[in-house]
Amino acid sequence: QSKYDSSKTLISSAADMFANEEGGPEPEWVITEREQFSDFRDLNKDGKMDKDEIQHWILPQDYDHALAEARHLVYESDVDKDQKLTKEEVLDNWNMFVGSQATNYGEDLTRNHDEL
């Protein structure tokens, strides 16, 4: 018989791991983490995350990973902030593109593209 019971609590707020030894106010990150936990992660408001809540947190159904990655690449590489990437901007940040799923880990950068 396994000691693991999937119906039991798997995660509580990461802020609960913070131990303020100085007795002062909590740091901003702890306050923010508590808010994130109660507002977005603890969906049934029982103070802990169950299996379904963890799944929703890690793999949210309403989140477009490809779009988020593409926006991240443009945001980080678009030096002149014109929402368009020049060849120079891509080459200056080649390491981000080579390591990105959005470019198939760099493979797409080696192909000819009419739009470039």
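Me: Where does Lys45 lie?

Reply: In this model, which is a predicted one, Lys45 is found in the loop between α1 and α2.

Me: Why does Lys45 count as exposed?

Reply: Exposed is the word for a relative accessible area over 50%, and Lys45 has 53% relative accessibility, so it counts as exposed.

Me: What is stated about the phi of Lys45?

Reply: Lys45 has a positive phi of about 55°, although the residue is not a glycine. To see what makes this worth a remark, recall that most residues other than glycine have a negative phi.

Me: Which other residue that is not a glycine has a positive phi, and where does it lie?

Reply: Gln83 has a positive phi of about 65° and is not a glycine either, and its place is in the loop between α3 and α4. Since the cut-off for exposed is over 50%, the 64% relative accessibility of Gln83 makes it exposed.

Me: How do you know that Asp42 has no salt bridge?

Reply: A salt bridge needs a side-chain nitrogen of Lys or Arg within 4 Å of a carboxyl oxygen of Asp or Glu. For Asp42, the nearest side chain of opposite charge is that of Lys45, and it is 6.0 Å away. That distance does not meet the cut-off, and therefore Asp42 is left without a salt bridge although it is buried.

Me: Where is Asp42, and which residues is it in contact with once its neighbours within four places in sequence are left aside?

Reply: Asp42 sits in the loop between α1, residues 28-41, and α2, residues 51-58. Leaving aside those neighbours within four places in sequence, its contacts are Phe37, Gly47, Lys48 and Glu53.

Me: What makes Glu26 and Arg34 a salt bridge?

Reply: The closest N and O atoms of Glu26 and Arg34 are 3.0 Å apart, which is within the 4 Å that the rule asks for, so the pair counts as a salt bridge. Partly exposed covers the range between 20% and 50%, and with a relative accessible area of 34% Glu26 is partly exposed, while Arg34, at 32%, is partly exposed too.

Me: How many salt bridges are counted, and what are the values for Glu33 and Arg41?

Reply: The count comes to two salt bridges. Glu33 and Arg41 form one of them, with their closest N and O atoms 2.5 Å apart, and both of these residues are buried.

Me: Why is Asn93 called buried?

Reply: Buried means under 20% relative accessible area, and Asn93, with 17%, is therefore buried. Asn93 is placed in the loop between α4 and α5, where it touches Glu76 and Ser77, if residues up to four places away in sequence are not counted.

Me: Why is Asp50 called partly exposed, and what does its side chain reach?

Reply: Asp50 has 24% relative accessibility, so it counts as partly exposed. This residue lies in the loop between α1 and α2, and its side chain reaches the backbone nitrogen of Asp52 at 3.2 Å, which is within the 3.5 Å cut-off for a polar contact.

Me: How do you know that the span of helix α3 agrees with what it should be?

Reply: Helix α3 has 13 residues, 65-77, and the expected span is 1.5 Å times one less than that number. This gives 18 Å, and because the end C-alpha atoms are 18 Å apart, the two values agree.

Me: What caps the N-terminal end of α3, and which exposed residue lies in that helix?

Reply: Asp64 caps the N-terminal end of α3, with a side-chain oxygen 3.2 Å from the backbone nitrogen of Ala66. Tyr75 lies in helix α3 and, at 57% relative accessibility, counts as exposed. Tyr75 and Leu85 are ten residues apart along the chain, and their C-alpha atoms are separated by 9.7 Å.

Me: How many helices and strands are there, and in which helix is confidence highest?

Reply: There are five helices and zero strands in the chain. Confidence is highest in helix α4, residues 87-92, at a mean of 92, and lowest in helix α5, residues 94-98, at 79. Over the chain the mean pLDDT is 78, with 70% of the residues at 70 or more. Where pLDDT is low, the predicted coordinates should not be read in detail.

Technical notes. Residues numbered from 1 in each chain as written. Predicted model: local features only at pLDDT ≥ 70, side-chain atom pairs only at ≥ 80, totals over all residues. Heavy atoms only, no water. Helix = DSSP H or I, 4+ residues; strand = E, 2+ residues; numbered from the N terminus. Buried < 20%, exposed > 50% of the residue type's maximum accessible area, 1.4 Å probe, protein only. Lys, Arg positive; Asp, Glu negative; His and termini not counted. Contact = heavy atoms within 4.5 Å. Polar contact = N/O pair within 3.5 Å; in protein donor to acceptor, adjacent residues only side chain to side chain. pLDDT = per-residue confidence, 0-100.
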